[in-house]
Amino acid sequence: MNSRTIIVNLLRWMALLFIQIFLLRNMAFYNLSTPFIYVLVILLLPFRTPNLLLYLIAFMTGITLDAFYDTLGVHTSACVALAFVRTIFISISLNRDSIDEPEPTLGNMGLRWFSLYAVLCIFAHHLILFFLEAFKISSWSYTLGRTLLSVVFTLFTVILVEFIFHNRKSA
Amino acid sequence: MRNLWIFLSRYNAFFFFIIFFTVGIILAIRNNAYQRSTVFNSTNEVVGTAYKRLNVIKRYLNLGQVNDSLATENALLKTQLMAVLNVDSTKLIKVKDSINQVQYTLIAAKVIKNSVTLTNNIITINKGLKDGIEKEMAVISPGKGVVGFVQNVSENFATIRPLLNQETFISVVLKKDNAFGSLVWGDNNFDYRKALVKEIPNHYKVNVGDTIVTSGSSGFPRGIEVGKVTKTGVSTGDNFMTLEISLFNNFSTLQYVYVVKDKLANEIKALQQEVKR
């Protein structure tokens with residue numbers, strides 16, 4: 001990992017958390033669907049990130065979000081779950097030795113792989129997030145509905161952002 | 001050892017996940033008031049509903065005793081009613097409107113979970129915030145006897161900290177000469193039929209068979225009969241004596257309780273806080 005990768009990831013971390021905390025926190029459709037764009041930070045970490053570092057980054061990201069959302073522990077657990085799904089999915093779908101690209105971006109991996117990857121990771125994250133926030137099983141259908149609608153919204157914003165940056169790089 | 005190390009490093013993603021995820025969950029439960037209050041207690045919806053189902057069956061087994069206590073209470077009420085109705089009506093009497101004077105109202109509730117074998121027992125009842133139950137209300141049992149105080153309230157359920165709990169103190173007096181004492185349980189006595197009355201001054205003369213009643217402070221109406229003295233002068237080595245009493249009510253077959261709503265409770269509490277300041 002060279003210094004350029006570190007700087008790019010650091011800038012991405014700051015920009016996405018800024019957008020999430022100061023803009024998207026106030027956004028929701030009927031309190032049902034909320035976008036969580038900051039998951040992109042963990043999604044786009046380089047393939048060669050060691051597992052311990054990956055989990056530490058996920059943990060720190062979650063705890064920062066929690067501090068601003070006043071829900072200590074909820075985002076943290078969700079981010080850790082996201083990191084777990086990420087490692088599992090990458091180890092199943094790709095051969096570890098033959099990975100040429102440094103980062104799992106849309107431009108590097110293609111739309112099909114990236115969207116499946118994003119859907120699974122975001123779903124795991126949102127499932128933990130909303131159920132831990134509601135903290136009861138009795139209204140599970142409402143919570144599940146919120147989860148699915150938010151997955152759609154988050155996925156839309158994630159792919160949108162990826163397309164914008166993908167085009168700029170190649171141009 | 002080497003194999004263990006290989007095993008751990010091979011599945012390190014999973015173990016890291018377990019570690020970090022546990023930390024996250026612990027943080028969520030310990031630091032957020034809502035999650036903490038709903039994790040594990042019997043006001044929890046799942047647990048509360050399960051106990052409610054179980055009680056439908058259990059209720060039938062104790063029907064006899066419940067009937068007895070209800071009959072006793074009926075008799076008591078009838079006696080009072082007769083005293084009111086059989087007034088000589090030729091006498092001219094002044095009628096005083098006493099509607100606003102009623103200090104205590106009772107809310108009947110069904111016990112859905114009870115225990116008598118622990119050192120700190122807790123009772124759960126099927127009434128909650130919806131029915132006007134609040135924290136620290138006094139709870140009495142039908143017929144004779146006290147039960148305890150309301151500890152936690154949720155929408156539909158409430159937990160009671162009964163006398164059979166080491167945290168519970170109830171202010172009582174000797175019926176015949178108003179000597180104050182405090183009713184406790186525990187303290188090497190874990191029999192649910194017995195309790196101790198502490199801090200009765202030594203100069204009072206107490207006999208076996210004397211009745212203990214509530215003092216009127218700490219939320220209970222005055223004069224509810226609690227139990228009979230079975231052993232006097234259990235020594236404590238200072239100016240106070242301890243009495244052992246047998247309770248009138250049986251905690252192990254408790255099925256219905258009355259929660260006492262004290263209309264003046266807030267006023268008294270406010271006044272006492274003013275004094276403290």
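The largest nonpolar core in this predicted model has 45 residues. Inside that core, the residues with the most contacts are B:Ile125, B:Val139, B:Ile140 and B:Val257. Strand 4 of chain B gives the most to this core, with five residues. Apart from it lies another core, of 43 residues. That second core includes A:Trp13, A:Leu54, A:Phe114 and A:Phe130.

**The two chains**

- Chain A has seven helices and zero strands.
- From the N terminus on, chain A reads α-α-α-α-α-α-α.
- Chain B has six helices and twelve strands.
- In chain A, buried residues make up 34% of the 171 residues.
- In chain B, buried residues make up 28% of the 277 residues.
- Take the contacts in chain A between residues at least 6 apart in sequence: 67% of them join residues at least 24 apart.
- Chain B can be described in the same way: residues 24 or more positions apart account for 58% of its contacts with a separation of 6 or more.

**Confidence**

- The model scores ipTM 0.80 and pTM 0.50.
- Chain B averages a pLDDT of 80.
- In chain B, 85% of the residues score at least 70.

**The barrel in chain B**

- Which strands close into the barrel, and in what order? Six strands of chain B do so, in the order 1-2-5-4-3-12.
- The pairing in the barrel is antiparallel.
- From one strand to the next, the twist averages 45°.
- Strand 1 (residues 104-113) of chain B is joined to strand 12 (residues 256-262) by seven bridges.
- Strands 1 and 12 of chain B run antiparallel.
- Within strand 12, B:Tyr258 stands opposite B:Ala108.
- Strand 1 of chain B also pairs with strand 2 (residues 123-125), through two bridges.
- This pair, too, runs antiparallel.
- The bridge partner of B:Lys113 is B:Thr124, in strand 2 of chain B.
- Five bridges link strand 4 (residues 146-153) of chain B to strand 5 (residues 158-162) of chain B.
- Strands 4 and 5 of chain B are antiparallel.
- B:Val153 has B:Ala158 as its bridge partner, in strand 5 of chain B.

**A close look at B:Val139**

- B:Val139 is one of the residues with the most contacts inside the largest nonpolar core.
- What does B:Val139 touch, leaving aside its neighbours within four places in sequence? Its contacts are B:Val147, B:Gly148, B:Phe149, B:Val150, B:Ile160, B:Val257, B:Tyr258, B:Val259 and B:Val260.
- B:Val257 appears in that contact list, and B:Val257 is also named among the core residues with the most contacts.

**Strands 6, 7 and 8 of chain B**

- Strand 6 (residues 170-174) of chain B pairs with strand 7 (residues 180-184) of chain B over four bridges, in the antiparallel sense.
- B:Ile170 has its bridge partner in strand 7 of chain B: B:Leu183.
- Strands 6 and 7 of chain B form a hairpin, with five residues between them.
- B:Asn178, in the turn of this hairpin, has a positive phi of about 55°.
- Strand 7 of chain B is also joined to strand 8 (residues 194-201) of chain B, by three bridges.
- Strands 7 and 8 of chain B run antiparallel.
- In strand 8 of chain B, B:Val197 is the bridge partner of B:Leu183.
- B:Leu183 thus has a partner in two strands: B:Ile170 and B:Val197.

**Where the chains meet**

- How many residues of chain B are in contact with chain A? There are 17, and they touch 20 residues of chain A.
- On the side of chain B that touches chain A, helix 2 (12-31), helix 3 (33-38) and helix 4 (45-61) of chain B each give two or more residues.
- Helix 2 of chain B gives the most to this side, with eleven residues.
- By type, the residues on this side of chain B are ten nonpolar, six polar and one charged.

**A:Trp113**

- A:Trp113 sits in helix 6 (residues 111-134) of chain A.
- Why does A:Trp113 count as partly exposed? It has 15 C-beta neighbours inside 10 Å, and partly exposed residues fall between the cut-offs of 12 or fewer for exposed and 20 or more for buried.
- A:Trp113 and A:Ser93 are 20 residues apart along the chain, and their C-alpha atoms are separated by 8.9 Å.

Notes: Residues numbered from 1 in each chain as written. Chains lettered and ligands numbered in written order. Predicted model: local features only at pLDDT ≥ 70, side-chain atom pairs only at ≥ 80, totals over all residues. Pairing = 2+ DSSP bridges. Axes fitted to C-alpha atoms, helices over the stretch in contact; angles between N-to-C directions. Contact = placed C-beta atoms within 7 Å. Nonpolar A, V, L, I, M, F, W, Y, C, P; charged D, E, K, R; others polar. pLDDT = per-residue confidence, 0-100. Core = buried A, V, L, I, M, F, W, Y, C linked by C-beta atoms within 7 Å.
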